[in-house]
Amino acid sequence: GARGKMDDCPTPPIPKISYPSEEEAIIALTNLEKVDKIVFHNQKTDKYGNPLKLANMHWPWGAGMFATSLGPHDACFVAGANWQKNSGLMCVWGSPCAVQKEI
């Protein structure tokens, strides 16, 4: 399991849903490529002459949107959620949201 306090994390916990995970993975892998160039190939700049520097992790756009199935004909959609308890707004629910989750 995780160790330490949540206050020590540079980025708040991110939902383990597709889009936020993909965005953070791209940042992490790009940072690894930059570290490889800096440490093992002694490169200081990218192919355009920009300094190689690591990107900060961040709360990804879209991480606070959830469509949650509540059965075959029911669901709810929450937008604007973040790492703070009770954040976000349930903006669509019931059968319209069940249709939305299929799109």
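Student: How confident is the predictor in this chain?
Tutor: This is a predicted model, and the mean pLDDT of the chain is 84, with 89% of its residues at 70 or more. Confidence is highest in helix 1, at a mean of 91, and lowest in helix 2 (residues 95–100), at 78.

Student: Why is cysteine 76 called buried?
Tutor: Buried means under 20% relative accessible area. Cysteine 76 has 14%, so cysteine 76 is buried.

Student: And what makes cysteine 91 partly exposed?
Tutor: Its relative accessibility is 38%. Partly exposed covers values between the 20% limit for buried and the 50% limit for exposed, so cysteine 91 belongs there.

Student: How many disulfides are there in the whole structure?
Tutor: The search finds 0. A disulfide needs a pair of cysteine sulfur atoms within 2.5 Å, so no pair was counted as one.

Student: How do you know that strand 1 and strand 2 pair?
Tutor: Pairing takes at least two bridges between the strands. Strand 1 (66–69) and strand 2 (residues 75–79) have 4, in the antiparallel sense, so they count as paired. In one of these contacts, threonine 68 has cysteine 76 in strand 2 as its bridge partner. The two strands form a hairpin with 5 residues between them, and glycine 71 in the turn has a positive phi of about 125 degrees.

Student: What makes leucine 54 partly exposed?
Tutor: Leucine 54 has a relative accessible area of 48%. Exposed would need over 50% and buried under 20%, so leucine 54 is in between. Leucine 54 lies in the loop between helix 1 (18–40) and strand 1. With Val35, Ile38, Val39 and Phe40, Leu54 makes a nonpolar surface patch of about 460 Å².

Definitions and conventions
Residues are numbered from 1 along each chain as its sequence is written. This is a predicted model: local features need pLDDT of at least 70, side-chain atom pairs count only at pLDDT 80 or more; totals for chains, interfaces and linings use all residues. Side-chain values use heavy atoms; hydrogens and water are left out. Patches are made of residues with over 30% relative accessible area and no salt bridge: like charges are joined within 9 Å, nonpolar side chains (Val, Leu, Ile, Met, Phe, Trp, Tyr) within 5 Å. Accessible areas come from the Shrake-Rupley method with a 1.4 Å probe; for residues, only the protein chains shown count as cover. A salt bridge is a side-chain nitrogen of Lys or Arg within 4 Å of a carboxyl oxygen of Asp or Glu. Buried means under 20% relative accessible area, exposed over 50%, partly exposed in between (1.4 Å probe, protein chains only). pLDDT is the predictor's confidence in each residue, from 0 to 100.
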